[in-house]
Structure formats: C-alpha cells, structure tokens
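Could you walk me through this model in the viewer, one selection at a time? I would like to know what to pick next and what I will find there.

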Amino acid sequence: MADSCDVFAGVVCTLRMKGGGFGVVDLFVDYHLSIGFSHIWLYFDDIHDDSWKEVKDYSEERLTIIRRSQSEREKVWTNDSPDLIKRLGGIGVTRDHVTARQILNASEALKTALKAPENSSRHVEYLVHIDIDELFYTKSNSIIPHFRWLKSQGIHHITYANHEGIPHRTDIDNYFTQITLFRRNLLTLSLSPSTKKSVSFFTSRTPHHQYFLFYDNGKSAVRVQPGVFPKNVHGWSLPRPEMGQGMQSEGKSKRMVSALVDARNLNLKGYVDVRDPCILHYPVCGERWLRSKYEILGPFPTHWPSLERKVNIPPCFHLDARKAATSPKPTEKLKDLFLSQVILSDNLEISKQIASGTCMRITDIASRRTRKVKGSKNSTPVSEKSREREDISGKSVEESSEKFLVLKPESKESGESAEFSEKCLDLKDETQKSVKSGRGDGLNALAMDKTWLISQIAREFLVTGTTKVRS
C-alpha cells in the first residue's frame, strides 16, 4: 500500500512507430513503471500502428492506450481544448504538425489526471511529457522521493537536462537496450581544455558545427493543477493569478526551476542543482530509426511550433536529414548522414570522450526492466559488472587536473554578487544578439562558446558561491 506522503507522477507520450516497435514501446512502459511512475498515457499518432500490441496486456490501471482516427481526434480536441486550438491557429500552426498534436494530447492527459478519483493511479500530482525515444532516467530505485522533494519545495515546474545517445553501429533495433554511450548536455559540462577538445570533435563532424544533433534545452515536469497547459514539447505554462488559482500553494510560492543555466533564457534565480533525474534522448540511434523518423515527419515546416511564438529552425542536421529524406535517393543520402555525423564506433575516441567527462556510459537500462522485452536478435546481454550505474554528474571541476583561479564573493547577496549577475546579463545580451543576427552556422553553433562560458560561471557561482575561471 502506498504511503500517505507519497507523491505520484505520470508520463504522457505521443508516438508513431514505422515497421514495428522492436520492443521499444514495451521497454518504455516497463521501465517507467518500474521506477515508480504511477500511470502512463500513450497516444498513438497512427491508428494503423501495430506497436501498441507490445503493451496491450498491461493493466489499464497503470497504462492508458489511446488509438483514434483523425475524425475522432479532431472531435476530442475541439471539445476538450478549444483554447489551445485557437492559440495554435493564432500562430499559424495546424494539427497537421506533429508538435501540435503532442501539445493537444499532453493537455488532454493532464485534464484526465485532474478529473481522476484520488484512489486512482491516474490521479498524479506531477506529469512528465517526453517522446518514445526518451527515458526519464534516475540512478535511484524510485522517482517518488524526487517528486516528494519537488512538492516540499513548492516547485511546480522543473526542466531537466537532456543527454544525447550515440549509436556505435548501424543495425540497432531496441535502442534502449543497445545504446549505452551519451553526450552530456553542453550546459552541464565543466569548461576545460580537455572538454573543449572533446566537444570540438563532435562540432567538427557536422557542417553546422553542432555538438548535439537535436535539442539541448531539456524536457519538463509540471504540477498537475487547473489552468496548466503545455506551451511546447519542452515546457508548460502555469496558471496566472488572475485565473483565480492564486500563486500560493501549501504555504510556498509556485516555483519554475531548471537544471540548466541557459544563456538564451538566463534565469539565475530559477536554477537548481539537479543532475539526477535527467532525460536520456535516443534520437536516430540506428540507421533504421533515422529513415523511419524522417519518413514519418515528411516535408515538415521550417519552424518549431510553440504557443509563445514560432521559432525558425536554423541550418542544422534536422533540416539536412529532411532534405536527404525527400531527395531522389533518400536511403543512400540518409546513410551518408548517419555514417558521417551520427555513429561513433572508434573505441579509442570513445575512451577519450569518457575520460574527459564529455560522454558517459549508462548501462543499467536493460537490467531494470521487470519483464522480458521483445528485443531483437542483435540485443546484447548486459553483464553484472557493467550494470553498475555511472555517476551522471560527471567529472567535477575539483577533480580536474586543470588549474583554476577561484574568486570568492562575500556572499550571494553582496555587491560583488550583483556585479557578477550584471556581467552575466551583459554576456547574455551579447549572446542573444548573435543568435538573432543569425551569426553562426547551426542550431548549437550560435554563440555556443559564450553560452557554455556563461553556464559554467553561473552554475559554479550558484552552487558553490564561487566562480572558477581557468588561469
């Protein structure tokens, strides 16, 4: 029986698998239930997608499977989320865009949780919105203490760092069990010559000088309450005071926090030093998955839909893959992209990346499942020794052999602290000017060095009360 102090959380995911699920859907559900999520909502974006059969025997008390025709979906969205449809229409986004459907489905799941009886597993207090190629990862056996802590701190919205999976071969079926190498989020890396060299290895492999091939701004969990709605696939909007919900809850102000110090949206007061949990992202981890992703997406628009604004997609791997997938020879072009920019099979380079702290191994995903997953013949068993969970916080600055000049302010409320904040804001303004003017070549190349520098300085200051700059 659950403890009365337990705080339950749920996961919502919109998915479409092409050519079979290869055990991915099964493991996604099994893994998240095994670490303590109370309920999962799976919205299948294609009624003809048979991968739902992998999870058809899970209890309806723990898993909700939604499969609807286009007309059925339109009817539900029109009745359930007219305001969201109006907002999306206001920025020119139609339901043809998968991101719009993700937003609408996440909104429906949250409203379902609000209406659920208190003794139901659907009655969750926090909801995480992620994709089928992502896992909410923690080294702990249960996520309940984490969400209990969020509630105790009055945190109503938290953005977690995401780390990007790297395939070591082309023939990957179940990426959750076969991918163990991850690039750490740039904004979590210590700034040193060794990490700079390791990051440069990846940026030199793409024409747009990208470190991550896909997003780097995390994914979020939100406190389930009236007035909340997803503003995009990365975050949620909390209710405003004028909605009558107030801004106080259980004696604490509602707080929006992030595990990332991001110069593109610098919020020093909202930073929390949360390295675990995090989001593991497995994008295009296998040649099959690269083809499948872009066959499903088709000739998608060149902007990211958001209820705040439309964000144009700069030149990047994502657009290059779209171009390759719609070319006269899509298979050949996508394979070239995969071999030149995605896969990393050089064991010596992998060792260097891990030694510098830029990459990490996480090998315990397969061992944490609670039932046999329908994997592929290529699935490799994980040895007992390799099941040890690696410290995802990585190599700390203190452990590094680099020399640092340590500047200790009198206190975080002192004049020196204020001066530090002003300098960060000046750098932020400079960085954002670079982004807006279009300087740089790609998604993560835009003012990347300045972004990394600001993040490192601010993070060290906020966590330790010191700023460390290499001398």
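Let's begin with a residue in a loop: select I143, which sits between β5 and helix α5 (residues 144-152). Keep in mind throughout that this is a predicted model. I143 is buried, its relative accessible area being 1%. Show its surroundings and, leaving aside residues up to four places away in sequence, you will find contacts with A9, I35, G36, F37, F136 and T138. Now add V7 to the selection: V7 and I143 are 136 residues apart along the chain, but their C-alpha atoms are separated by 9.3 Å.

**Zoom out to the whole chain**

Colour by secondary structure and you will see 13 helices and 20 strands. Of the 471 residues, 55% count as buried. Among contacts between residues at least 6 apart in sequence, 75% join residues at least 24 apart. If you turn on the surface, the chain exposes about 21100 Å², with carbon and sulfur atoms supplying 50% of that area.

**Helix α1**

Next, select residues 24-34, which form helix α1 and are mostly covered: 10 of the 11 residues are buried. Which residues of α1 are buried? They are V24, V25, D26, L27, F28, V29, D30, Y31, H32 and L33. To see what these buried residues pack against, display the strands β1 (9-15), β2 (39-44), β3 (63-67) and β5 (134-137), together with the helices α6 (175-178) and α8 (287-297). Then step past the end of the helix to G36, whose phi is positive, near 110°. You have met G36 already, as one of the contacts of I143.

**The nonpolar cores**

Nonpolar side chains tend to be buried together in soluble globular proteins. In this model the largest nonpolar core has 55 residues, and the members that touch the most other members are F28, L42, F147, Y175, Y282 and I365. Helix α1 gives the largest share of this core, seven residues.

Pick F147 from that group and show its contacts. Not counting residues up to four places away in sequence, F147 touches V7, A9, F37, Y126, V128, F136, Y160 and A221. Several names here are familiar: A9, F37 and F136 are also among the contacts of I143. Apart from the largest core lies another one, of 18 residues; to find it, select members including L213, V284, F300 and I313.

**Salt bridges**

Side chains of opposite charge can pair when their charged atoms come close. The structure holds 16 salt bridges, and three of them make good stops.

- Select K111 and D80, whose closest N and O atoms are 4.0 Å apart in a salt bridge. K111 belongs to helix α4 (residues 98-115) and D80 to helix α2 (residues 70-80), so this pair ties together parts that are 31 residues apart in sequence. K111 is partly exposed, at 26% relative accessible area.
- Move on to E125 and K151, where the salt bridge spans 2.9 Å from N to O. E125 is in the loop between α4 and β4 (126-129) while K151 is in helix α5, so the pair ties together parts 26 residues apart in sequence. Is E125 buried or exposed? E125 is buried, with a relative accessible area of 18%, whereas K151 counts as partly exposed at 24%.
- Finish with E287 and R291, a salt bridge with its closest N and O atoms 3.6 Å apart. Both residues lie in helix α8, four residues apart, about one turn of the helix. E287 counts as buried at 11% relative accessibility, and R291 is partly exposed at 26%. For a network, select D45, R73 and R101, which are joined into one by salt bridges that share partners.

**A last stop at E349**

Where is E349 found? Look in helix α11 (residues 347-356). E349 is buried yet has no salt bridge, and the nearest side chain of opposite charge, that of K352, is 4.6 Å away. With residues up to four places away in sequence left out, E349 touches F201 and L344.

How values were computed: Residues are numbered from 1 along each chain as its sequence is written. This is a predicted model: local features need pLDDT of at least 70, side-chain atom pairs count only at pLDDT 80 or more; totals for chains, interfaces and linings use all residues. Side-chain values use heavy atoms; hydrogens and water are left out. Buried means under 20% relative accessible area, exposed over 50%, partly exposed in between (1.4 Å probe, protein chains only). Helices (H or I, at least four residues) and strands (E, at least two) are DSSP runs, numbered from the N terminus. Contact means heavy atoms within 4.5 Å. Accessible areas come from the Shrake-Rupley method with a 1.4 Å probe; for residues, only the protein chains shown count as cover. Lys and Arg count as positive and Asp and Glu as negative; His and the chain ends are not counted. A nonpolar core is a set of buried Ala, Val, Leu, Ile, Met, Phe, Trp, Tyr and Cys residues joined through side-chain atoms within 4.5 Å.
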